[in-house]
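Colleague: I have a predicted model open on my screen, and I would like a close look at one spot in it. Could you walk me through that spot and then work outwards to the rest?

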Amino acid sequence: NEGEDRETKITITYAEASMEVTIKQAKKAEEPAAPAIVITSDNPMEFDMNGGIGTITYTIENPVQGVDLAAKANVDWISQVTVQSEKIIFQVAANTGAAREGKITLTYGMLEPVEVIVKQAEYVAPAPVFTFTPESLEVNFEGGAQSVTYTIENAIEGAEVTASCEAAWVSNLAVANGTMTFDVAANEESLRQAIIVLTYGDYTFEYAVKQLPANYDPGLSYLAFTVVESWAD
């Protein structure tokens, strides 16, 4: 039978007697639907330079009994690929170079493999961070030789620290081996402040130096500020 369910009758006669026999035939059985892997998470998957744990979610339509899903990465920076029920867990390593791309291939029985693309951004060096000791400097009115130490977090290979200051009363400025030295002239004026600018690669950092006046009164609070706009009636 290539069509729908069908039936017919066979009539048996003998002299004046007769009887009917009903014959039924079922329709042709339908072919079982083919299985399919359906990815329900992003494809491609994007990761930043730090990497991390990724999760692919999936479903299998019309699964075949006794057949299991398998998954494998084609690059070593994608590792620990583990197949679980309706999800695949994997680890992406931190990237120390250019942007890169890999893939995880899913296979299921005789099905055509399904690929999930994994992309990772290029490495960008974190910005350096300067820590000064002390955080800022307050010098008495007499001035003199000064020394400030610093440390650099996220150092830039091959970069050197240089320093400059526009204030004429800060002189002999030098930077070497984590120490910044300079001389501060005696202050015959009011409270004053200078900014030392340190350049490191493409980055700049500022260090504040405040000098007290000769008539400094410890019972008062002194503030240094810069006038950026002024006017008169």
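The spot is Asn95: is this residue buried or exposed, and which residues does Asn95 touch beyond its neighbours within four places in sequence?

Modeller: Happy to. Asn95 counts as buried, because its relative accessibility is 4% and the cut-off for buried is under 20%. Asn95 sits in a loop, the one that runs between strand 8 (87–92) and strand 9 (100–108). With neighbours within four places in sequence left aside, Asn95 is in contact with Met49, Arg100, Gln120, Ala121, Glu122 and Tyr123. For Ala121 there is also a polar detail: a polar atom of the Asn95 side chain lies 3.0 Å from the backbone oxygen of Ala121.

Strand 8, on one side of that loop, leads us to an aromatic pair. Phe90 lies in strand 8 and Phe47 in strand 4 (residues 45–47), so their pairing ties together parts that are 43 residues apart in sequence. The ring centres of Phe47 and Phe90 are 5.9 Å apart and the planes meet at 70°, so this pair is edge-to-face. Both residues are buried, and both belong to a core of 19 residues that also includes Met45 and Ala73. Just before strand 4 there is a backbone feature worth a glance: Asn43 and Pro44 are joined by a cis peptide bond, with omega about 10°. Pro44 itself is in the loop between strand 3 (36–39) and strand 4.

That core of 19 residues is the second one, separate from the largest. The largest nonpolar core has 20 residues, and the members that touch the most others are Phe130, Phe182, Ile196, Leu198, Tyr207 and Val209. Among the elements that give two or more residues to this core are strand 11 (129–133), strand 12 (137–139) and strand 13 (144–153). Strand 17 (192–200) is another of these elements, and the largest share, four residues, comes from strand 17.

Tyr207 is a good residue to centre your view on here. Beyond four places in sequence, Tyr207 touches residues including Phe132, Pro134, Val148, Met180, Ile196 and Leu198. Tyr207 also belongs to an aromatic cluster with Phe130, Phe132, Tyr150, Tyr200 and Phe205. Pro134, one of the Tyr207 contacts, is in the loop between strand 11 and strand 12, and a cis peptide bond joins Thr133 to Pro134, with omega about 0°.

From the cluster you can step across to Ile156, as Tyr200 is one of the residues Ile156 touches, along with Pro128 and Tyr203. Ile156 is in the loop between strand 13 and strand 14 (161–165) and counts as partly exposed, at 30% relative accessibility. Pro126 is 30 residues from Ile156 in sequence, and their C-alpha atoms are 9.3 Å apart.

Finally, two residues have backbone angles you may want to look at. Gln80, in strand 7 (residues 78–84), has phi near 50°, a positive value in a residue other than glycine. Asn177 is not a glycine either, yet has a positive phi of about 50°; Asn177 is in the loop between strand 15 (170–176) and strand 16. Gln80 is exposed, with a relative accessible area of 60%, and Asn177 counts as exposed at 81% relative accessibility.

Methods:
Residues are numbered from 1 along each chain as its sequence is written. This is a predicted model: local features need pLDDT of at least 70, side-chain atom pairs count only at pLDDT 80 or more; totals for chains, interfaces and linings use all residues. Side-chain values use heavy atoms; hydrogens and water are left out. A nonpolar core is a set of buried Ala, Val, Leu, Ile, Met, Phe, Trp, Tyr and Cys residues joined through side-chain atoms within 4.5 Å. Buried means under 20% relative accessible area, exposed over 50%, partly exposed in between (1.4 Å probe, protein chains only). Contact means heavy atoms within 4.5 Å. A polar contact is a pair of N or O atoms within 3.5 Å; within protein, one must be able to donate a hydrogen and the other to accept it, and residues adjacent in sequence count only if both atoms are side-chain atoms. Rings of Phe, Tyr and Trp (its six-membered ring) pair if their centres lie within 6.5 Å; planes under 30 degrees apart count as stacked, over 60 as edge-to-face and the rest as tilted.
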